Amino acid sequence: MKKVDQRVKFPELEQELMAKWKEESTFQRSLDLREGQPRFVFYEGPPTANGMPGTHHILARSFKDLFGRYKTMKGFFVERKAGWDTHGLPVELEVEKSLKISGKFDIESEIGVERFNKLCRESVYKYVDQWVAFSQRMAFWLDYENAYWTLTSDYIQSVWWALSEMWKQGLVYKGFRVAPYCPRCATPLSSHELAQGYRDNVPDPSVFIRFRLKKDPTTSILAWTTTPWTLPGNVALAVDEDIDYVKVNQNDELLILAEARTSVLDGPFEVVERMKGKALVGLDYEPVYPYSIPKEGRAHYVVDADFVSTEEGTGVVHTSALYGVDDLRLCQEKGIPFQHTVDLNGRFFPYVEKFAGMSTKDANPLIQHDLKERGLLYKAETILHTYPECWRCKTPLIYYALDSWYVRTTARKDELIANNAATNWVPAHVKTGRMGDWLANNVDWAISRSRYWGTPLPFWVCDKCGDQRCVSSADELGLKDDFDLHRPYIDEVTLPCQKCDGVMKRVPEVLDGWFDSGAMPFAQRGYPRQGKDLFEQTFPADFISEAMDQTRGWFYSLLAVSTLLFKQNSYRNVICLGLVLDPRGQKASKSRGNVLDPNFLFDNFGSDALRWYFYTSSPVGENYRTGTDTLKDTVQQFLLPLWNCYAFHVNYAVVDHFNPDQPAVPLNERPVLDRWLLSRLAGLVKTVDSELADYDVTGASRPIQAFVDDLSKWYIRRSRARFWKSQSDADKLAAYQTLHTTLTTVSRLLAPFTPFVADAMHRNLAGGHSVHLADFPSVDGSAFDPGLEEQMTAARRIVETGLAARDAARIKVRQPLKSIAVPGEPLPEEITAIIRDELNVKAVVYGAPEVKLDTDITEELKLEGLARELVRMINDLRRQLGFNVEDRVLARYEANGMLATAFERHADYIKRETLALELKPGREDGFGGEERPVEGEQVWIGLKKS
């Protein structure tokens with residue numbers, strides 16, 4: 001062992017260990033060590049490397065790395081295969097920004113698909129080196145040399161195979177449906193992408209519109225909407241046949257609405273007629289705009305619907321077929337004709353003359369004004385509500401009907417729910433709550449994107465007979481393995497139609513990037529074209545982890561793809577993490593100026609501090625209020641006390657030439673404090689192992705922190721004199737062996753949590769061997785002594801109440817007292833001796849009705865108290881002069897009265913407690929010292945190294 005600097009700088013220590021790990025190939029050696037052993041399978045959720053990693057990425061990666069290390073130490077082979085998510089809107093948007101363009105028109109007219117996709121490919125490699133360095137800096141061990149990339153031909157062909165298998169099952173179809181739609185990106189989004197982006201407190205119009213009856217223009221049906229832009233496309237009004245409606249007279253105007261919603265009316269009114277909704281069905285009304293009047297068929301009349309409620313609005317739903325899921329279904333059922341008033345860029349078509357070319361949001365106030373001018377606006381308000389936005393470009397979404405390709409996940413809804421139920425979710429409530437609710441309301445997966453950089457949909461359609469075909473590989477197309485399967489090259493590949501003499505061309509859309517991610521369990525192997533055995537060995541995963549927002553992202557896509565292909569989930573256990581917030585509970589954002597740079601945190605606190613904070617500060621699933629103050633507390637409250645315990649042991653052990661390989665002092669011959677600590681240690685090992693086996697990270701980490709607290713504040717503080725004393729007896733050896741075993745075991749327990757400090761400790765304690773090549777500690781059953789632990793707990797409670805009694809009596813602990821009387825049964829003498837020493841009393845009397853101190857202080861007790869004050873002064877001076885804890889010193893003093901008497905009568909005690917070889921009266925040159933008051937008298941003390 002080498003002496004340890006107590007003034008440790010954790011960031012510098014971590015950099016040294018990173019260099020050592022690289023030099024020694026420690027990660028690879030840890031893999032080689034377990035080669036051929038049973039597998040523990042972990043899937044890495046692939047990040048996109050076209051942006052820099054942030055502090056929030058440390059969170060999930062801390063949990064992922066923890067279980068990789070833990071299971072490796074438990075004897076499993078844990079492949080840590082890295083992965084990169086390379087397709088989709090996130091990549092496209094960054095390239096658009098770099099080119100200073102926006103939208104599909106600019107891409108196709110100014111840049112061209114070929115150049116645009118070339119730039120997209122380049123961009124996903126832009127920050128790979130920074131991501132790798134980031135991972136290494138936080139000790140997240142991943143195999144980057146064999147990483148999977150979602151843009152490779154092998155990966156794409158695996159995804160094609162998956163789609164072809166779903167195609168064979170009749171699960172893939174093209175449908176005209178209303179979907180969340182981003183007008184800026186000009187593409188629909190899937191329902192789980194919709195769940196990724198919502199903005200709170202969005203102001204929107206809330207308008208009540210008069211729809212005048214054709215047969216009675218003095219009467220209007222009152223309807224409500226928060227999307228005035230849909231009114232030019234209105235084709236029907238929907239009511240519920242069984243709801244009670246009323247006709248009211250207000251200021252000589254007749255209005256019809258649900259009776260339960262008359263509270264929306266401004267001012268007094270008179271009910272002139274009551275009717276059921278059934279009576280309203282079939283009534284024709286005047287269109288508010290002429291743009292949706294059909295050339296053929298019937299529109300603009302009242303229809304019955306099953307989705308009308310009286311929870312809000314007027315109990316009458318304005319129906320615009322192409323901009324609402326229920327609207328489209330209703331109009332299709334009723335045969336009501338419709339046409340789009342808004343184009344794919346979210347702007348009104350030219351034929352909508354009043355608002356031609358305007359965006360939906362910009363048109364809202366003008367539509368309101370126009371309706372007001374025409375007397376059709378009953379009233380207008382503004383509401384604040386939660387509104388969906390594009391999860392990548394942040395544009396407000398609209399609901400828009402268009403042709404899209406879908407996977408019929410609803411056909412496997414029961415299987416999805418059953419497979420989710422068989423999965424272990426941490427926290428457990430996510431299974432039946434956030435994820436369970438999502439699956440219970442499952443809708444078919446909109447997989448097509450009208451974009452460029454993504455896995456091309458492998459669907460070819462005949463231009464003559466319309467026959468459709470799904471291909472599963474490049475070989476089916478007659479293409480070589482080195483052919484770039486991306487657009488625009490794949491768009492040029494045609495096939496002869498097998499049903500006619502027509503030509504089959506690929507559909508223009510690309511695949512939802514979430515499907516790529518959900519296919520990674522098999523696509524990372526190139527399955528089924530290759531890697532079949534390896535896939536079968538590594539499916540399903542034993543463990544995955546990401547943040548809570550991935551419940552309806554990666555977690556869902558993994559579940560859906562594997563259920564449809566393999567009839568089971570692709571992961572057995574999942575840890576679902578909360579969000580990283582600032583200290584005030586706000587999300588980090590550049591606009592708020594509260595983004596924490598991970599490198600700043602690494603350089604100032606070290607990655608171990610960040611990791612430990614995430615493990616211990618909040619139960620899994622809750623959010624993490626993260627800032628410099630919380631990380632400073634983590635260092636001061638855990639890492640430094642741990643390091644001080646370690647430094648205390650090592651530095652004394654070096655001085656005393658302690659040899660860890662000496663024959664062990666039998667457990668039953670060791671003092672009670674040693675036996676207690678080793679029993680606590682055995683229990684800690686059992687707890688940590690058990691909690692990690694159950695994926696309870698907080699339940700595993702917090703007991704370690706509590707143990708280190710006990711180690712520092714109880715065991716070491718109570719045992720200091722055993723290490724300080726000059727004689728090397730069995731008691732001292734037992735103390736060294738107990739503390740050495742404890743610190744070595746704790747370093748192994750901490751290895752998965754805080755890889756750097758654990759390895760630094762272990763290498764010095766265990767002959768230079770890395771803790772990451774060691775086994776996880778096993779429980780020493782012989783050390784278990786629950787009875788002893790209960791007795792020590794009882795003793796500590798007595799000490800706590802005794803100290804409170806001293807505080808109430810305003811008597812310092814350094815002042816000895818005759819006795820204390822306490823309730824309860826007598827404890828063994830070894831433990832009672834600890835109580836006496838802690839409370840600084842000469843006797844403990846058991847069986848009293850309440851705690852009571854004997855506060856009569858004799859002269860001898862007074863002198864003994866002064867001796868303790870002098871010990872404190874000398875040890876303060878030792879620290880002030882920069883002496884090491886193990887340094888022996890020479891002491892001089894100058895005092896009068898009772899202080900001089902205290903020095904004389906308790907000289908041996910003072911020398912023992914301050915490591916002073918000499919204690920003599922009088923001042924001498926060469927002694928650093930100072931004069932201080934003690935109990936109203938002055939005393940001078942000087943010290944120098946021996």
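Student: Which residue in strand 33 does Leu890 stand opposite?
Tutor: In this predicted model, strand 30 covers residues 889-894 and strand 33 covers 937-945. The two strands pair in the antiparallel sense over six bridges. The residue opposite Leu890 in strand 33 is Lys944.

Student: Which strands are the edge strands of the open sheet?
Tutor: Four strands make up this sheet, with mixed pairing, in the order 31-30-33-32. An edge strand here pairs on one side only. The edge strands are strand 31 and strand 32.

Student: What angle does the direction of helix 29 make with that of strand 33?
Tutor: Helix 28 packs on the sheet, touching strand 30, strand 32 and strand 33, and its direction makes about 145° with that of strand 32. Helix 29 also packs on the sheet, where its contacts are strand 30, strand 31, strand 32 and strand 33. With the direction of strand 33, that of helix 29 makes about 35°.

Student: Why do the buried residues of helix 29 line one face of the helix?
Tutor: Helix 29 spans residues 897-905, and Leu899, Ala900, Ala902 and Phe903 are its buried residues. They pack against several elements, including helix 28, helix 30 and strand 31. They line one face because, seen down the helix axis, they fall within an arc of 155°.

Student: How many of the residues of strand 6 are buried?
Tutor: Strand 6 runs over residues 219-225. In a regular strand, side chains alternate between the two faces of the sheet. Thr219, Ile221, Ala223 and Thr225 point one way, Ser220, Leu222 and Trp224 point the other way, and all are buried. The count of buried residues in strand 6 is therefore seven of seven.

Student: In strand 6, which residue is the bridge partner of Phe208?
Tutor: Strand 5, residues 198-212, and strand 6 run antiparallel and are joined by six bridges. A hairpin of six residues leads from strand 5 to strand 6. The partner of Phe208 in strand 6 is Trp224.

Student: In strand 9, which residue is the bridge partner of Ser220?
Tutor: Strand 6 and strand 9, residues 253-258, run parallel. Three bridges join them. The partner of Ser220 in strand 9 is Leu255.

Student: How many disulfides does the count come to?
Tutor: A disulfide needs two cysteine sulfur atoms within 2.5 Å. The sulfur of Cys500 has its closest cysteine sulfur in Cys462, at 3.5 Å, which is too far for a bond. By this rule the number of disulfides is zero.

Student: Is Cys576 buried or exposed?
Tutor: A residue is buried under 20% relative accessible area. Cys500, at 24%, is partly exposed. Cys576 has 0% relative accessibility, so it counts as buried.

Student: Which helix gives the most to the largest nonpolar core?
Tutor: This core has 141 residues, of which Phe63, Ile575, Ile704 and Phe753 touch the most other members. Leaving aside neighbours within four places in sequence, the contacts of Ile575 include Phe63, Phe67, Val426 and Tyr695. The helix that gives the most to the core, with 13 residues, is helix 21.

Student: How many residues does the second, separate core have?
Tutor: In soluble globular proteins, nonpolar side chains tend to be buried together. Ala305, Leu330, Val352 and Leu371 are among the members of the second core. Its residues number 54.

Notes: Residues are numbered from 1 along each chain as its sequence is written. This is a predicted model: local features need pLDDT of at least 70, side-chain atom pairs count only at pLDDT 80 or more; totals for chains, interfaces and linings use all residues. Side-chain values use heavy atoms; hydrogens and water are left out. Buried means under 20% relative accessible area, exposed over 50%, partly exposed in between (1.4 Å probe, protein chains only). The arc is that of the directions from the helix axis to the C-beta atoms. Contact means heavy atoms within 4.5 Å. Two strands pair if DSSP finds at least two bridges between them. Axes are lines fitted to C-alpha atoms, for helices over the stretch in contact, and angles run from 0 to 180 degrees between N-to-C directions. A nonpolar core is a set of buried Ala, Val, Leu, Ile, Met, Phe, Trp, Tyr and Cys residues joined through side-chain atoms within 4.5 Å.
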